[in-house]
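I sat down with this one and a cup of coffee, and here are my notes. Feel free to follow along with the structure open beside you.

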Amino acid sequence: MNIDRRDFFKIFSAGVVTASSTTNVIAREPKNRLKDAVGILYDATLCIGCKACEVGCKILNNKTAEHKIEKELGVPKSWDSASDLSVDTLNKIKVYKNGNDFSFVKKACMHCVDPDCVSVCPTTALTKNQTNGIVSWDIDACCGCRYCQMACPFNIPKFEFGKAFPELKKCEMCQHLIADGGIPGCCESCPCGASIFGNVEDLLQEAHRRLNSGIGEEYNFPISELESQYRTTKPISKYVNYVYGEHENGGTQYIMLSAIPFEKLGMPILPGQSEAVLSEGIQHTLYKGLIAPFVLFAWLAFGAHRSLKNESTELDTESDEKKGGNNE
Ligand code: SF4
Ligand code: SF4
Ligand code: SF4
């Protein structure tokens, strides 16, 4: 391939000019909640921090303890308390304490309505189920680029850095259990109704019902799932008048209620629209007509050509020097 620096810049300029002049970067329409989307409502005012949900999550997703106490008290594998989300901990209860302010908070994938991780994935290894809205990952399609990890505004996807062929790990809302008519392990295990499963629109209505109830009013909270026959009656707490996840990042399917402002619980303050709306527009513009790959290919070809040329010049010089040495 005979390409010099001037040719390369001609190609590069033509590509950039074509990309910017023939196509406008247009943000696409934001995505909306699916009618049959399922989700979790976590009410921090009901959470007692027992971590049964962490254990349930591990058992039902075949995760091991991060720090095993192999033989202590004759128990072969005691559960540890993980410090954060990881490849073995897909659901983490954290605690916030400041003076008299105190709350637990449950961290896991938010199952965004318009997920950034899905939007940036170049191989569609991350997908959003178009019926129930669950965001899941496909081992066979993943190329390991980790764009999803960088794009997630909640810092959720984790990779197995210690392995030669690392896999991505995150909560997939126990879709294997839901497919069999079950409910997520964290909701199943929660003894006090702090985590409940249901249709997201119904969960949003439930959350607003709680916010609209009077402080101290007796309320019949469902256990494990919204339509459960098992209930517990407790007085309504003084909530922050806000449902976290109703709007954040274009909305999420894991939503929260709390008595403490969400930013204090480590939940990010995010705009009401996913970054995917704009970033996907830019991505598609650059890839339209294969302009970006073509420019990249030309750049790589130019680099390879130059280094091969330099290498052969160096070899020629070296062999000339050797010849000179032999002649002496
Ligand atoms: S929280 Fe992160 S990993 Fe989960 S769906 Fe949203 S962007 Fe993806
Ligand atoms: S839905 Fe399943 S995987 Fe997700 S946090 Fe709950 S138990 Fe864990
Ligand atoms: S099981 Fe329920 S009460 Fe216990 S830590 Fe988890 S969410 Fe809180």
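**Entry 1: helix 2 and what covers it.** I looked up what lies over the buried residues of helix 2, and the cover includes strand 2 (92-98) and helix 6 (185-189). Keep in mind that I am reading a predicted model here. Helix 2 runs over residues 52-60, and its buried residues are Cys53, Glu54, Gly56, Cys57 and Lys58. Cys53 turned up again when I checked ligand 3, as one of the residues that come nearest to that ligand. Cys57 belongs to the surroundings of ligand 2.

**Entry 2: just past the helix.** After helix 2 I came to Asn62. Its phi is positive, about 50°, although Asn62 is not a glycine. I placed Asn62 in the loop between helix 2 and strand 2. Is Asn62 buried or exposed? I found 72% relative accessibility, so Asn62 counts as exposed.

**Entry 3: another positive phi.** His111 also caught my eye, with a positive phi of about 50° although it is not a glycine. I found His111 in the loop between strand 3 (101-107) and helix 3 (116-120). His111 counts as buried because its relative accessibility is 1%, and the cut-off for buried is under 20%.

**Entry 4: the three ligands.** I started with ligand 1, which is surrounded by 14 residues, the closest being Cys109, Met110, Cys112, Cys117 and Cys152. I sorted that shell by class and got eleven nonpolar, one polar and two charged residues.

Ligand 2 came next, and I found it in the largest pocket. Around ligand 2 I listed Ile40, Cys57, Asn61, Asn91, Cys171, Met173, Cys174, Pro184, Gly185 and Cys186. That shell divides into seven nonpolar, three polar and no charged residues.

For ligand 3 I again have 14 residues, with Cys47, Cys50, Lys51, Cys53 and Cys190 coming nearest. The shell around ligand 3 holds eleven nonpolar, two polar and one charged residues.

**Entry 5: the nonpolar cores.** Which residues touch the most other members of the largest nonpolar core? My list reads Tyr42, Met110, Phe154, Met173, Met256 and Met267, out of 55 residues in that core. Helix 7 (residues 200-212) gives this core its largest share, five residues. I also noted a second, separate core of nine residues, Cys121, Ala125, Val135 and Leu168 among them.

I followed Met173 further, since this name is also in the shell of ligand 2. Setting aside neighbours within four places in sequence, Met173 is in contact with Val38, Gly39, Ile40, His111, Ile134, Ile178, Pro184, Phe197 and Gln253.

**Entry 6: Phe262.** I found Phe262 in the loop between strand 11 and helix 8 (276-287). Phe262 counts as buried because its relative accessibility is 5%. Beyond its neighbours within four places in sequence, Phe262 is in contact with Val240, Tyr242, Tyr244, Met256, Leu257 and Met267. I also checked Val105: it is 157 residues from Phe262 in sequence, and the two are 9.1 Å apart, C-alpha to C-alpha.

**Entry 7: Asn249.** My last stop was Asn249, in the loop between strand 10 (231-235) and strand 11 (254-257). At 2% relative accessibility, Asn249 counts as buried. Not counting residues up to four places away in sequence, I found Asn249 touching several residues, including Cys112, Asp114, Asp116, Pro153 and Phe154. Cys112 is also one of the closest residues to ligand 1.

Technical notes:
Residues numbered from 1 in each chain as written. Chains lettered and ligands numbered in written order. Predicted model: local features only at pLDDT ≥ 70, side-chain atom pairs only at ≥ 80, totals over all residues. Heavy atoms only, no water. Near = heavy atom within 4 Å. 1 Å grid on protein atoms, 1.4 Å probe; cavity = no way out; pocket = protein on both sides within 12 Å on 5 of 7 lines; lining within 4 Å. Sits in = over half its atoms within 2 Å of the grid points. Nonpolar A, V, L, I, M, F, W, Y, C, P; charged D, E, K, R; others polar. Helix = DSSP H or I, 4+ residues; strand = E, 2+ residues; numbered from the N terminus. Buried < 20%, exposed > 50% of the residue type's maximum accessible area, 1.4 Å probe, protein only. Contact = heavy atoms within 4.5 Å. Core = buried A, V, L, I, M, F, W, Y, C linked by side-chain atoms within 4.5 Å.
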